[in-house]
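Please open the structure in the viewer and keep the selection panel at hand. The tour proceeds by successive selections.

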Amino acid sequence: MNIRTKDHLVVIVAGIGMLLSTLDTGIINVALPFLKSYFETTADIAAIAVTGYTISLAVFILPFGLLSDKFGKLSFSYIGLIIFGLSSLLCGLSANIQMLIMFRIFQGIGAAALQATSASLITTLVSAEKSSSAIGVLGIMIGVGPVLGPSLGGLLLSLNSWRGIFWLNIPFVLLGLICNHKLITNISENKYAKHIDYPGSLTNGLFVILLISGLSLLSSHSIIGIALIIASLIAVIILFKVERNKETPVVNVINLIQNKSLLVYLYETIAFGFASAIIFLMPPYLFETVFKL
């Protein structure tokens, strides 16, 4: 396989992975009122279809990044595409809200494998002269996914096709699998014998689950929400104690504090979260109030 073909295939695989994982973060948001009515459930239970995806993505993305270094980024991306594609198919076939929530959680696991490998595929496999443009393409996918998600979700709902919200992913998954398989069979990638920090990963996962669950319940069940947020803060303290003496921590807390970069990361996260919230909220608002869809 020549270098140009390899570069193009890597960019397609990485771009599809990032696009799908960000697209499905928000595509279902506009469908929540419809799903609540369709499955005859409550708003809180329907919302778990969103938070379940987000939680599983956030929990698995760090350990998957380490595991992809150890077992191969292409292989991990391939597995992520399979999980994401199958769960998307099954989400559309769901007969009740419990099935939808379960398959959305699996979809989040697949999305974590895709996000954990997308950038590293480009930085490790794309040739030096094409790496800048390849990263630019990945940046576009990161931006396009959240913007298209609510808009496409609203469009498909207006066409009376809520299952299409999930089945829309399948053609992209198939293209990604074809390109990924071609890369796996024609090139070899470097693998690294890394130690996986399982205690740190589990503690970090517990922190994420408690925090996101607490924030999502804050408006409807304030006491439970506050209790979960407090528990997440305790989990952060435990994470700090677990990670501070590790040679290869999943979260290098000591390094962040010593370099005074922790606050910078927090500010960046808040800014990104605010911008993302605006992008998520505006398209549904325009569809419902302006276009009456």
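The stops below cover one pocket and two individual residues of a predicted model.

**The second largest pocket.** Begin with the second largest pocket, which has a volume of about 550 Å³. Select A47, T51, I212, S213 and S216: of the 19 lining residues, these are the closest to the pocket centre. Next, colour helices α3 (43-71) and α9 (198-217), the elements that give two or more residues to this lining. Helix α3 supplies the largest share, namely nine residues. Colouring the lining by residue class should show 10 nonpolar residues, eight polar residues and one charged residue.

**N180.** Move now to helix α8, residues 169-186, and select N180 within that helix. Is N180 buried or exposed? Its relative accessibility is 0%, so N180 counts as buried, the cut-off for that class being under 20%. To display its surroundings, add V13, L74, S77, Y78 and L81; N180 is in contact with these residues when neighbours within four places in sequence are left aside.

**G110.** Keep S77 displayed and select G110, which is located in helix α5 (residues 97-125). A C-alpha to C-alpha distance drawn between G110 and S77 should read 8.7 Å, although 33 residues separate the two in sequence. Which residues does G110 contact, apart from neighbours within four places in sequence? Select G80, I83 and F84 to see them. G110 also counts as buried, because its relative accessibility is 0%.

How values were computed
Residues numbered from 1 in each chain as written. Predicted model: local features only at pLDDT ≥ 70, side-chain atom pairs only at ≥ 80, totals over all residues. Heavy atoms only, no water. 1 Å grid on protein atoms, 1.4 Å probe; cavity = no way out; pocket = protein on both sides within 12 Å on 5 of 7 lines; lining within 4 Å. Points joined across faces, edges and corners; volume = space filled by probe spheres on them. Helix = DSSP H or I, 4+ residues; strand = E, 2+ residues; numbered from the N terminus. Nonpolar A, V, L, I, M, F, W, Y, C, P; charged D, E, K, R; others polar. Buried < 20%, exposed > 50% of the residue type's maximum accessible area, 1.4 Å probe, protein only. Contact = heavy atoms within 4.5 Å.
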